[in-house]
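Trainee: Could you take a close look at one helix-to-helix contact with me, and then follow it outward to whatever else is worth seeing? I'd like the cut-offs spelled out as you go.

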Amino acid sequence: MNSLLIITTPFVACVICAMLIVLLRPLLQRYALARPNARSSHSVPTPQGGGVAVIAAVITSAAISVSFFGAVAGSVLLAVLAAAALLALVGAYDDLRTMPVLPRLLIQAAAVGIVLAVLPAEFHLVSALPVWAERVLLLIGGLWFVNLVNFMDGLDWITAAEVVPVMAALALFGFYGQLPPDPTLVALALCGAMIGFAPFNKPVAKLFLGDVGSLPIGLLMGWCLLQLAGSGHLVAALLLPLYYLADATLTLLKRLMRGEAVWVAHRSHFYQQATNNGFSVMQVVSEVFILNIVLAGLAAVTIWQRSPYVQGIALALGISAVALVLGRFSRQRKPVG
């Protein structure tokens, strides 16, 4: 992938996203206002649905890159973007009116199924598993990834602090030939679009992503990471999203053990505990951002140093770093001085 594309795609996505938000925000203010409740992290009614600008910017900038800058695209990229658009429609409906859990999950599963259906027949991550069994596990994992991004999008700037470094790392890996062109293009576009969205979501946020953004972002991130794993970099694909995976999964397991309805909104994620324990929003998102930079660095080490020992050490260090942050978030913050 050439350097012109690396610069142009995120820049175009950033500008398109910011312009669309400026145009759409009055409508969102009128029709998609998120009112605070006992489980909210905000205290003032705030418009949601900014994710429509993010996804529109991703699709438009990818199309521009293909049309004018020679990016290679095929039916696989079209299918993935179509699946993301489907999830954006579902999310938009859910932002305006609540959709029942079962149809929502079925449509999400269909979108993940579209992405898996266009994987090449030879795509196989774990040789010990039959291909059909791996595809079933990938469907379940993809469905979880779509929803965990939605679950984690409960604090100003937190999704930007997750998506921007992860997508930037993936784009860098693609530039050096470690990721195929299609997911590299998506990573560039999504990184740029989230940068364009970030000023409007800066604490105290004037706009939220909404389900219209978090659901398709989860799909696009998951697909890019799956492509990284399929390129022989499974450990790197695990390290990059490790904070979101750990926070969301551990919280889900704790809620299941307590017999709670896991589809009901709550405030028990580690990042939510942190704000209850004396961390400011900026302190939380700063720690998440720095942690993701560390995880991206460890992922890069596993890509360019393929020794099993290096891979194991990097993964252990990544798990330790995430555990350290989760532990800090779950404890009362000591006052300074």
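Mentor: Happily! Start with helices H6 and H12, which are roughly parallel to each other, because their axes cross at roughly 20° and angles under 35 degrees count as roughly parallel (over 145 as roughly antiparallel, 65 to 115 as roughly perpendicular, and the rest as oblique). This is a predicted model, in which local features need pLDDT of at least 70 and side-chain atom pairs count only at pLDDT 80 or more, while totals for chains, interfaces and linings use all residues. Residues are numbered from 1 along each chain as its sequence is written, and side-chain values use heavy atoms, without hydrogens or water.

Two packed helices are described by the angle between their axes and the distance between the axes. For H6 (158-175) and H12 (residues 281-304), the axes come within 9 Å. An axis here is a line fitted to C-alpha atoms, for helices over the stretch in contact, and the angle runs from 0 to 180 degrees between N-to-C directions. The helices themselves are DSSP runs (H or I, at least four residues; strands are E, at least two), numbered from the N terminus. H6 passes H12 in a right-handed crossing, meaning that the near helix is turned clockwise from the far one by less than a right angle, with anticlockwise being left-handed.

Now the side chains. From H6 come Ile-158, Ala-161, Glu-162, Pro-165, Ala-169 and Phe-173, and they meet residues of H12 including Val-285, Phe-289, Asn-292, Ile-293 and Trp-304; contact means heavy atoms within 4.5 Å. By class, this contact of H6 with H12 holds 14 nonpolar residues, 1 polar and 1 charged. Nonpolar covers Ala, Val, Leu, Ile, Met, Phe, Trp, Tyr, Cys and Pro; charged covers Asp, Glu, Lys and Arg; the others, Gly among them, are polar.

Just ahead of H6, Trp-157 sits in the loop that joins H5 to H6. Its phi is near 75°, a positive value in a residue other than glycine. Trp-157 is partly exposed, at 23% relative accessible area; buried means under 20%, exposed over 50%, and partly exposed in between (1.4 Å probe, protein chains only).

Follow that loop back and you reach H5 (residues 131-152), which packs against H4 (residues 101-117) at about 125°, with the axes 9 Å apart. That makes H4 and H5 oblique to each other, and H4 passes H5 in a right-handed crossing. Leu-105, Gln-108, Ala-109, Val-112, Gly-113 and Leu-116 are the H4 side of the contact, while the H5 side includes Arg-135, Leu-138, Gly-142 and Asn-147. The residues of this contact are 8 nonpolar, 4 polar and 1 charged.

H4 has a second partner in H8: their axes come within 11 Å and cross at roughly 25°, so H4 and H8 are roughly parallel to each other. H4 passes H8 in a right-handed crossing too. Here Gln-108, Ala-111, Val-112, Val-115 and Leu-116 of H4 meet Leu-215, Leu-219, Trp-223 and Leu-226 of H8. In this contact there are 8 nonpolar residues, 1 polar and no charged ones.

H8 also leads into the interior. The largest nonpolar core has 100 residues, and Val-54, Leu-170, Leu-190, Met-194, Ile-217 and Leu-240 touch the most other members. Helix H8 (residues 211-230) gives the most to this core, with 12 residues. Such a core is a set of buried Ala, Val, Leu, Ile, Met, Phe, Trp, Tyr and Cys residues joined through side-chain atoms within 4.5 Å. Leaving out residues up to four places away in sequence, Ile-217 touches Val-54, Ile-55, Val-149, Val-163, Leu-190, Met-194 and Leu-209.

One backbone detail lies in the loop between H7 (181-201) and H8, where Val-204 is placed: the peptide bond from Pro-203 to Val-204 is cis, with omega near 0°.

For a last stop, try H2 (residues 51-68), home to Ala-62. Ala-62 is buried at 3% relative accessible area, and apart from neighbours within four places in sequence, Leu-81 and Leu-185 are in contact with Ala-62. Ser-65 belongs to H2 as well and is buried at 1%.
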